[in-house]
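User: I have some questions about charges, contacts and backbone angles in the model below. Please keep the reasoning brief and end each answer on what was asked for.

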Amino acid sequence: MSAQKNSYQWDHTENAYSFFHTFVTKNLPQNKDCLHKFFIETPCFVTEKYDGTNIAKDDQGKIYSRRLVIDAGQEKFLKTSLRKVKEADVVEFRDKLIEVAGLEETAIAKCLVYGEFICNGFYDYRTRDILGDWKVFGSTLE
């Protein structure tokens, strides 16, 4: 692992329960229509919360743990193969974003993709054969 600090950390993600509690408490007495619209009419999706570690990869192939840059030659992180992270084509993702958004190529100086790296044998991850998977959850653009 490199001693180089990761300056591209994923920002805090708010806990849904805390957000919902605050939202309901604030709107319940006077605005039940707002609550109905938010919880019943607003489309949403839900994903599984994995228990792994945050890994990012940029469009130059550099891989980042939560706090540090991972050396280019490093094949494992926390005793788990980085193969699937290394195989991920962030350049293709960036190029598709540019194409779909109708941007100039120079509009994006850096593209980072973030995901949960499944690196522990907790729960049923081995049985489900997802150990070593990189479950992408977000991206940032500069």
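User: Where is Lys49 placed, and is Lys49 buried or exposed?

Analyst: The model is a predicted one. Lys49 is in the loop that runs between helix H2 (32–41) and strand E1 (53–58). Its relative accessibility is 67%, and exposed means over 50%, so Lys49 counts as exposed.

User: Which residues form a positive surface patch with Lys49?

Analyst: The patch takes in residues with over 30% relative accessible area and no salt bridge. Lys49 is at 67%. Its partners in the positive surface patch are Lys5, Arg66 and Arg67.

User: Which residue forms a salt bridge with Asp59, and how far apart are the closest N and O atoms?

Analyst: Side chains of opposite charge can pair when their charged atoms come close. Asp59 lies in the loop between E1 and strand E2 (63–64), and a polar contact joins its side chain to that of Arg94. The salt bridge of Asp59 is with Arg94, with the closest N and O atoms 3.2 Å apart.

User: How many residues apart are Asp59 and Arg94?

Analyst: The structure holds 9 salt bridges. The pair Asp59 and Arg94 links distant parts of the chain, with Asp59 in the loop between E1 and E2 and Arg94 in helix H4 (residues 90–101). The separation is 35 residues.

User: Are Asp59 and Arg94 buried or exposed?

Analyst: Buried means under 20% relative accessible area. Asp59 has 10% relative accessibility and therefore falls in that class. Both Asp59 and Arg94 are buried.

User: Why are Arg83 and Glu87 separated by about one helical turn, and what is the N to O distance of their salt bridge?

Analyst: Arg83 and Glu87 are both in helix H3 (residues 83–87), and because they are 4 residues apart there, about one helical turn separates them. Arg83 is partly exposed at 46% relative accessibility, whereas Glu87 is exposed at 52%. Their side chains meet in a salt bridge with an N to O distance of 3.1 Å.

User: Which residue meets Lys84 in a salt bridge, and how many residues apart is the pair?

Analyst: The side chains of Lys84 and Asp133 meet in a salt bridge at 2.4 Å, N to O. This pair links distant parts of the chain: Lys84 is in helix H3, and Asp133 is in the loop between strand E6 (111–117) and strand E7 (134–141). The partner is Asp133, and the two are 49 residues apart.

User: What are the relative accessibilities of Asp133 and Lys84, and which residues are joined into one network by salt bridges that share partners?

Analyst: Asp133 counts as buried because its relative accessibility is 10%. Lys84, at 31%, counts as partly exposed. The network of salt bridges that share partners consists of Glu48, Asp124 and Arg128.

User: Which residues form the nonpolar patch on the surface, and what is their accessible area together?

Analyst: The patch is made up of Phe19, Phe20, Phe39 and Ile40. Helix H1 (16–27) and H2 are the elements that give two or more residues to the patch. Phe19, in helix H1, is partly exposed with a relative accessible area of 33%. Together the four have an accessible area of about 370 Å².

User: What is the phi of Lys79, and what is the phi of Asp129?

Analyst: Neither Lys79 nor Asp129 is a glycine, yet phi is positive in each. Lys79 is in the loop between strand E4 (76–77) and strand E5 (80–81), and it is exposed at 79% relative accessibility. Asp129 is in the loop between E6 and E7 and is exposed at 62%. Phi is about 65 degrees for Lys79 and about 55 degrees for Asp129.

User: Which backbone atoms does the side chain of Asn120 reach?

Analyst: Asn120 is in the loop between E6 and E7 and counts as buried because its relative accessibility is 14%. One contact of its side chain, at 2.7 Å, is with a backbone oxygen, and another, at 3.1 Å, is with a backbone nitrogen. The atoms belong to Asp51 (oxygen) and Phe122 (nitrogen).

Technical notes:
Residues are numbered from 1 along each chain as its sequence is written. This is a predicted model: local features need pLDDT of at least 70, side-chain atom pairs count only at pLDDT 80 or more; totals for chains, interfaces and linings use all residues. Side-chain values use heavy atoms; hydrogens and water are left out. Patches are made of residues with over 30% relative accessible area and no salt bridge: like charges are joined within 9 Å, nonpolar side chains (Val, Leu, Ile, Met, Phe, Trp, Tyr) within 5 Å. Accessible areas come from the Shrake-Rupley method with a 1.4 Å probe; for residues, only the protein chains shown count as cover. Lys and Arg count as positive and Asp and Glu as negative; His and the chain ends are not counted. The place of a charge is taken as NZ of Lys, CZ of Arg, CG of Asp or CD of Glu. Buried means under 20% relative accessible area, exposed over 50%, partly exposed in between (1.4 Å probe, protein chains only). A polar contact is a pair of N or O atoms within 3.5 Å; within protein, one must be able to donate a hydrogen and the other to accept it, and residues adjacent in sequence count only if both atoms are side-chain atoms.
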